[in-house]
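Colleague: I would like to go through this model with you before I return to the bench. Could you take my questions one at a time?

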Amino acid sequence: MTEDPLERIEREERERKEKKGPRTVMTVLAIVAALLALVLGYLLYQRSGLVRQLEVEKADLAQQMVQLQSDFSALSSDYESINHQLDTSREQVAQLIEKLNKTQATNRAKIRQYEKELGTLRSIMKGYIVQIDSLNSLNKKLTADAAAARREAAESRRANEELTQQVESLSSQVNAGKVLKARAISLAAFYSNDKQGDRHNRVRYMVANLTLVENSLADHGPVRVYVRVKDPDGVLLMNNESTEFTVDGATMQATASREVDYEGQEVDLSIYINDTGEFIKGVYTLEVFTEKSLLGRAECMLR
């Protein structure tokens with residue numbers, strides 16, 4: 001049986017389409033697979049570059065931490081409270097470095113956290129530097145002020161010492177100027193007829209004569225003058241009127257004494273020494289005192 005030409009054409013067209021369908025699908029799938037491979041390769045490339053970048057950032061952060069650790073180690077202070085704080089901050093930096101070393105570079109949240117902590121520690125260190133510089137400057141100023149104060153105190157002490165010496169010198173001069181002085185001190189022997197003489201067997205009494213000199217600085221008022229007369233053997237002449245007196249803290253015996261009113265002007269006075277027994281041949285010595293000082297000495301020779 002002969003096939004109709006029209007049917008044959010339709011059959012061949014139908015067979016051609018059935019063969020073409022699977023090839024088209026395979027072609028499309030191949031193209032999609034190739035595109036997916038390209039995208040995956042690109043993504044892997046980008047990820048590899050990002051990881052390298054994160055590793056570089058981690059290494060840079062680690063270097064900054066090590067530098068900060070070195071800076072903290074080099075920082076020192078003379079103040080115990082600051083040194084304690086420095087030790088605490090050094091420990092924090094060491095712990096931060098340890099945590100960074102244990103963290104993957106791809107953990108960006110942790111890396112950013114460590115960056116913030118590093119910034120905080122860096123700010124703290126700057127605060128320490130400012131504080132230490134301020135305290136050092138203050139310490140230098142206080143040291144300089146203390147040195148200046150010591151110099152001023154030393155100068156004041158020297159000035160006070162000099163002033164004290166001047167005052168003492170002036171006081172000594174004034175005190176010396178206030179000392180009562182005497183002149184024309186003499187010791188004379190007299191006979192019973194009140195005639196002056198030097199024959200020992202005829203002498204009945206002696207007279208001490210002196211003049212208190214003018215002195216406006218000396219204390220005015222009553223002044224008692226004491227005389228001590230010793231015979232040639234050094235024995236102090238004594239009688240019923242003999243008395244004791246004190247000069248420079250020492251108590252002494254006086255042969256005789258007399259009180260006069262001294263008003264800064266010259267005063268002539270005589271003090272009688274009698275009723276002391278017989279006089280012997282030789283040199284008699286006279287010492288004249290007030291209760292403040294020795295006024296002078298004199299001698300009288302009997303033959």
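Colleague: Let us begin with S89. Is S89 buried or exposed?

Modeller: S89 counts as buried, because its relative accessibility is 2%, under the 20% limit for that class. Please keep in mind that this is a predicted model.

Colleague: Where is S89 placed, and which residues does S89 touch?

Modeller: S89 belongs to helix 2, which covers residues 80-101. Leaving aside residues up to four places away in sequence, S89 touches F72, I124 and Y128.

Colleague: Turning to V28, in which helix is V28 found?

Modeller: V28 is part of helix 1, residues 5-74. V28 counts as partly exposed, since its relative accessibility is 45%.

Colleague: Which residues form a nonpolar patch on the surface with V28?

Modeller: The partners of V28 in that patch are V32 and L36. Together the three residues have about 260 Å² of accessible area.

Colleague: Now the sheets. What is the strand order in the open sheet of 3 strands?

Modeller: The order is 1-2-7, and the pairing is antiparallel. Strand 1 (182-191) and strand 7 (267-274) are at the edges; each has a single partner strand, so one side of each has no neighbour in the sheet. From one strand to the next, the twist averages 20 degrees.

Colleague: What holds paired strands together in general?

Modeller: Strands of a sheet pair through backbone hydrogen bonds, in either a parallel or an antiparallel arrangement.

Colleague: How many bridges are there between strand 1 and strand 2?

Modeller: Strand 1 pairs with strand 2, residues 203-212, over 8 bridges in the antiparallel sense. Among the facing residues, Y191 has V203 of strand 2 as its bridge partner, and L187 is opposite A208, also in strand 2.

Colleague: And how many bridges between strand 2 and strand 7?

Modeller: Strand 2 and strand 7 are likewise antiparallel, with 8 bridges. In this pairing, V207 is opposite Y272 of strand 7.

Colleague: Why is strand 2 described as largely enclosed by the rest of the structure?

Modeller: Of the 10 residues in strand 2, 8 are buried, so the strand is largely enclosed by the rest of the structure.

Colleague: What about the open sheet of 4 strands, what is its order?

Modeller: That sheet has the order 6-3-8-9, again with antiparallel pairing. Its edges are strand 6 and strand 9; each has a single partner strand, so one side of each is without a neighbour in the sheet. Neighbouring strands of this sheet are turned against each other by 20 degrees on average, direction ignored.

Colleague: How many bridges join strand 3 to strand 8?

Modeller: There are 5 bridges joining strand 3 to strand 8, and these strands run antiparallel. Y226 is opposite F289 in strand 8.

Colleague: On to charges. How many salt bridges does the structure hold?

Modeller: The structure holds 11 salt bridges. One of them links E266 and R183, whose side chains meet at 3.0 Å, N to O. E266 is in the loop between strand 6 (256-262) and strand 7, while R183 is in strand 1, so the pair ties together parts that are 83 residues apart in sequence.

Colleague: How accessible are E266 and R183?

Modeller: E266 counts as partly exposed at 43% relative accessibility, and R183 is partly exposed with a relative accessible area of 40%.

Colleague: With which residue does D219 form a salt bridge?

Modeller: The partner of D219 is K292, and their closest N and O atoms are 2.7 Å apart. D219 lies in the loop between strand 2 and strand 3 (221-230), and K292 in the loop between strand 8 (282-289) and strand 9 (294-302), so this pair ties together parts that are 73 residues apart in sequence. D219 is partly exposed at 41% relative accessibility, whereas K292, at 60%, counts as exposed.

Colleague: Which residues are joined into one network by salt bridges that share partners?

Modeller: That network joins E57, R112 and E115. Within it, R112 forms a salt bridge with E115, the closest N and O atoms being 3.3 Å apart. Both R112 and E115 are in helix 3 (residues 108-178), 3 residues apart, or about one turn of the helix.

Notes: Residues numbered from 1 in each chain as written. Predicted model: local features only at pLDDT ≥ 70, side-chain atom pairs only at ≥ 80, totals over all residues. Heavy atoms only, no water. Pairing = 2+ DSSP bridges. Helix = DSSP H or I, 4+ residues; strand = E, 2+ residues; numbered from the N terminus. Axes fitted to C-alpha atoms, helices over the stretch in contact; angles between N-to-C directions. Patch = residues over 30% accessible without salt bridge, like charges linked within 9 Å, V, L, I, M, F, W, Y side chains within 5 Å. Areas by Shrake-Rupley, 256 points an atom, 1.4 Å probe, with all protein chains shown as cover. Salt bridge = Lys/Arg side-chain N within 4 Å of Asp/Glu carboxyl O. Buried < 20%, exposed > 50% of the residue type's maximum accessible area, 1.4 Å probe, protein only. Contact = heavy atoms within 4.5 Å.
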